Amino acid sequence: MAEVTSRGIGPIVLMGPPGAGKGTQAKRIAEHYGIPQVSTGDLLREHVSKSTPLGLQARDIMARGELVPDELLYGMVAQRLREADCQRGFILDGFPRTPAQAGWLDGFLKREFFDNSKPDKCLPIVVQIDVDYNELLSRLTGRRTCPACGRIYNVHLQPPRVDELCDVDGSKLVTRNDDREEVIRERLLAYEKLTRPVVDHYGGQDRVISVDGGLPVDQVSEQIFREIQIHGC
Ligand code: AP5
């Protein structure tokens with residue numbers, strides 16, 4: 001571990017439909033490589049909970065399961081990626097989600113991340129996690145999250161040791177506002193229509209790794225770590 005954490009790993013982009021396990025895997029990769037998880041969903045939910053101007057604009061859109069307009073996100077993402085902890089690399093979870101966002105990210109990385117062309121700054125590795133549609137529905141309806149530490153559970157597949165309480169800090173687990181069946185369907189539709197084309201954007205750059213997200217969590221992580229070792233710098 002000391003070996004991998006002593007050098008830059010570069011940006012890792014996690015792609016996949018709602019419920020594919022992006023958040024679950026992002027936390028594991030973050031811990032393994034000592035780089036932060038940057039989740040646009042989490043950042044937006046924080047804005048909503050604090051009723052910031054961005055949160056007030058995003059709240060109803062997110063509750064309907066639609067994508068927040070691209071231009072509302074760029075300032076929020078840029079601000080987070082400029083923070084010191086992102087300089088060695090970061091894991092983007094849920095961004096980019098449209099081809100326009102992918103183009104914006106390319107420009108941002110070129111201008112601000114690779115600008116000094118330090119040898120330890122690597123091209124993004126794009127990890128595409130695929131999972132069967134019915135499995136996604138069952139994962140999302142069963143998801144529970146710890147409001148304090150962010151740990152993700154599933155009442156069917158990954159239950160906490162004590163019903164409805166976080167294993168780590170004992171907080172009462174919560175259900176996300178958009179994990180209702182009618183909203184989940186909208187989110188999956190938005191993914192197919194607007195986000196799947198982003199894979200084509202990266203496909204041309206030969207940076208996309210596909211993993212089978214239908215396997216148990218540990219096995220998905222093993223696939224991801226193996227591929228990162230091969231494709232990382
Ligand atoms: P966001 O928070 O990004 O949600 P999402 O993409 O819909 O993804 P999820 O968080 O639902 O799923 P996940 O893949 O992280 O799965 P998880 O690990 O939790 O976005 C929410 C909203 O914000 C969007 O709808 C949009 O409105 C807005 N937004 C965010 N980013 C945006 C952007 N860039 N542009 C525009 N709008 C944006 O796992 C799910 C469940 O499965 C859990 O219960 C977990 O325990 C379980 N599980 C995970 N892996 C496994 C496994 N291998 N086996 C069994 N169970 C598993």
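# Questions on a predicted model with its ligand

Me: Why is Asp178 called buried?

Reply: Asp178 has a relative accessible area of 11%, and the term buried applies under 20%, exposed over 50% and partly exposed in between, with a 1.4 Å probe and protein chains only. The value therefore puts Asp178 in the buried class. The model is a predicted one, in which local features need pLDDT of at least 70 and side-chain atom pairs count only at pLDDT 80 or more, while totals for chains, interfaces and linings use all residues. Residues are numbered from 1 along each chain as its sequence is written, and side-chain values use heavy atoms, with hydrogens and water left out.

Me: How do you know that Arg176 and Asp178 form a salt bridge?

Reply: The term requires a side-chain nitrogen of Lys or Arg within 4 Å of a carboxyl oxygen of Asp or Glu. The side chains of Arg176 and Asp178 come together with an N to O distance of 3.0 Å, so the pair meets the rule. Salt bridges with shared partners join Arg143, Arg176, Asp178, Asp179 and Arg187 into one network. The count by this rule is 19 salt bridges.

Me: What makes Glu164 and Arg144 a salt bridge, and where in the chain do the two residues lie?

Reply: Their side chains meet at 3.7 Å, N to O, which satisfies the distance limit for a salt bridge. The pair links distant parts of the chain, since Glu164 belongs to the loop between β6 and α8 (181-203) and Arg144 to strand β5 (residues 143-145), 20 residues apart. Helices and strands here are DSSP runs numbered from the N terminus (H or I of at least four residues for helices, E of at least two for strands). With a relative accessible area of 16%, Arg144 is buried, whereas Glu164, with 23%, is partly exposed.

Me: Why are Arg45 and Asp42 about one helical turn apart, and what accessibility class does each have?

Reply: The two residues are three positions apart in helix α3, which means a separation of about one helical turn. Their side chains meet in a salt bridge of 2.8 Å, N to O. Arg45 has a relative accessibility of 26% and therefore counts as partly exposed, and Asp42, at 37%, is also placed in the partly exposed class. In general, side chains of opposite charge can pair when their charged atoms come close.

Me: How do you know that Gln158 makes a polar contact with the ligand?

Reply: A polar contact is a pair of N or O atoms within 3.5 Å; within protein, one must be able to donate a hydrogen and the other to accept it, and residues adjacent in sequence count only if both atoms are side-chain atoms. An N or O atom in the side chain of Gln158 is 2.5 Å from an oxygen atom of the ligand, so the pair qualifies. The side chain of Arg45 likewise has an N or O atom 2.9 Å from a ligand oxygen, and a backbone N or O atom of Gly21 lies 3.0 Å from an oxygen atom of the ligand. The protein covers 97% of the 1000 Å² of accessible area that the ligand has on its own, where areas come from the Shrake-Rupley method with a 1.4 Å probe and, for residues, only the protein chains shown count as cover.

Me: Why is Cys86 called buried, and which residues does Cys86 touch?

Reply: Cys86 has a relative accessible area of 0%, and is therefore buried. Leaving out residues up to four places away in sequence, Cys86 touches Pro36, Val38, Arg80, Leu81 and Phe113, where contact means heavy atoms within 4.5 Å. Cys86 lies in the loop between α5 (70-81) and β3 (91-93). Although Cys86 and Pro36 are 50 residues apart along the chain, their C-alpha atoms are separated by 6.5 Å.

Me: What makes the backbone at Ser51 worth noting?

Reply: Ser51 has a positive phi of about 50° although it is not a glycine. Most residues other than glycine have a negative phi, and most peptide bonds are trans. Ser51 sits in the loop between α3 and α4 (53-64), and its relative accessibility of 43% makes it partly exposed. Glu164 also has a positive phi, of about 65°, without being a glycine. Phe95 and Pro96 are joined by a cis peptide bond, with omega about 5°.
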